[in-house]
Amino acid sequence: MKLKKYVALMLVSIMSLSLLSGCSSGSASAGEKDSKEKTVIKVGMEVAYPPFEYYEEDGTTITGIDYDLAMAIGEELGYEMEFVPVSWDGIFAGLDKGDYDVIMSAITITPERIEKYKFSTPYIQNYQCLVTMADAKKKPKSIKELKGLEVGYQEESTSDVYLTDYIEAGEVKCKTNEYNKIIDTFSDLKNGRLDAMIVDSTVAEQYTADGTYEITWKQEDEPEEFGVCFPKNSEYVDEFNKALKTLEDNGKLEEILGNYF
């Protein structure tokens, strides 16, 4: 009887060890699975500003410079990039509320914005310029030649600020028209509702490529620079800068820009 009890106890012990071993193995697998899950970075983007961000013909697929660059940064850092379409007039408010982690949407680095946000190193330079129809009778060659003209721009953009500074300084008097989307500004120019518009050169070059529109003036002083915008407390700035440096060194950044310019 004692021998039978001993054998029975041994069998129970072996079974218990097997179960513990199985549980331990399962826990390790779960841990390994968790460790492979990617960090998700939410990217705020106004998807209506070609060539930086816009929808393909299907109306749902996002493309453009900032999209491609964000994906390249995500691949470099091992992060999953999730895009959050947002209107331009609410894009900074969304960052303030934490709706997304960064903004990548042709954001110009300005002293005013630096006071509220952090920025990556610049990845492109941009100038302000004036655009008319190619067959327009009036083609202003400077900001001051906008006098008396109907001029359009995207509201709360650096183009808005640039022209407003001239108007407030009394250096030009023109009729201003604000638009929420740059596409609508070009549309109204084409339909004769505007005489001219002020816009980023990087965008104007895309629209004027087919000869429909014409750049009549381009800013000659220091260019604006675009960067990734972060909240002040963001922990991702250094990582993004390292990724941008890698993409610049290995030619990927130049390749992305070359696909659109």
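How many aromatic pairs does the structure hold? I counted 13 aromatic pairs. I note at the outset that this is a predicted model.

**Entry: aromatic rings**

I took one pair for a closer look. A pair of aromatic rings is described by the distance of the centres and the angle of the planes. For Trp88 and Phe92 the ring centres sit 6.0 Å apart and the planes meet at 75°, so I logged the pair as edge-to-face. The angle decides the label, because planes over 60 degrees apart count as edge-to-face. Then I checked burial for both partners. Trp88 has 6% relative accessibility, so I put it down as buried. Phe92 comes out at 16% and is buried too, because the cut-off is under 20%. I also found an aromatic cluster made up of Tyr49, Phe52, Phe226 and Phe261.

**Entry: confidence**

I looked up the pLDDT next. The average over the protein chain is 88. A score of at least 70 is reached by 86% of the residues. Residues 1–35 are another matter: their pLDDT is below 50. I searched that stretch for contacts beyond near neighbours in sequence and got 0. Where pLDDT is low, the predicted coordinates should not be read in detail. I left that stretch alone.

**Entry: the chain as a whole**

I listed 9 helices and 14 strands in the protein chain. The chain has 261 residues, and 42% of them are buried. Its accessible surface is about 14,500 Å². Carbon and sulfur atoms own 50% of that surface. I then sorted the contacts with a separation of 6 or more. Residues 24 or more positions apart supply 73% of them.

**Entry: nonpolar cores**

Which residues touch the most other members of the largest nonpolar core? I got Leu69, Val131, Phe186, Val199 and Phe240, in a core of 47 residues. I followed Val199 outward, skipping residues up to four places away in sequence. Its contacts are Tyr127, Gln128, Cys129, Val131, Ser159, Ile182, Phe186 and Ala204. Another core, of 13 residues, lies apart from the largest one. Its members include Leu146, Tyr162, Leu163 and Cys174.

**Entry: Met81**

I placed Met81 in strand E4, residues 80–85. Its relative accessibility is 10%, so Met81 is buried. Setting aside residues up to four places away, I found Met81 touching Ile41, Val43, Ala70, Met71, Gly74 and Phe240. Phe240 had already turned up among the best-connected members of the largest core. I also computed one C-alpha distance. Met81 and Lys38 are 43 residues apart along the chain, and their C-alpha atoms are separated by 9.6 Å.

**Entry: Gln219**

Is Gln219 buried or exposed? Gln219 is buried, because its relative accessibility is 7%. I located Gln219 in the loop between strand E12 (213–218) and strand E13 (224–226). Then I asked what its polar side chain meets. One partner is the backbone nitrogen of Gln128, at 2.7 Å. Another is the backbone oxygen of Glu222, which lies 3.3 Å from a polar atom of the Gln219 side chain. Outside four places in sequence, I found Gln219 in contact with Tyr127, Gln128 and Tyr162. Tyr127 and Gln128 are also on the contact list of Val199. Tyr162 belongs to the core of 13 residues.

**Entry: helix H5**

Tyr162 led me to helix H5, residues 158–168. I marked Thr158, Ser159, Asp160, Tyr162 and Leu163 there as buried. Just after H5, Gly170 has a positive phi of about 75°.

**Entry: backbone oddities**

I scanned for positive phi outside glycine. Ala106 has phi near 55°. I found Ala106 in the loop between strand E5 (102–103) and helix H4 (111–116). At 6% relative accessibility, I call Ala106 buried. Glu156 is another case, with a positive phi of about 65°. Its loop runs between strand E9 (150–154) and H5. Glu156 is partly exposed, because its relative accessibility is 47%.

Last, I checked peptide bonds. The bond from Pro50 to Pro51 is cis, and its omega is near 10°. I placed Pro51 in the loop between strand E1 (40–45) and strand E2 (54–55).

How values were computed: Residues numbered from 1 in each chain as written. Predicted model: local features only at pLDDT ≥ 70, side-chain atom pairs only at ≥ 80, totals over all residues. Heavy atoms only, no water. Phe/Tyr/Trp six-rings, centres within 6.5 Å; stacked < 30°, edge-to-face > 60°. Buried < 20%, exposed > 50% of the residue type's maximum accessible area, 1.4 Å probe, protein only. pLDDT = per-residue confidence, 0-100. Contact = heavy atoms within 4.5 Å. Core = buried A, V, L, I, M, F, W, Y, C linked by side-chain atoms within 4.5 Å. Helix = DSSP H or I, 4+ residues; strand = E, 2+ residues; numbered from the N terminus. Polar contact = N/O pair within 3.5 Å; in protein donor to acceptor, adjacent residues only side chain to side chain. Areas by Shrake-Rupley, 256 points an atom, 1.4 Å probe, with all protein chains shown as cover.
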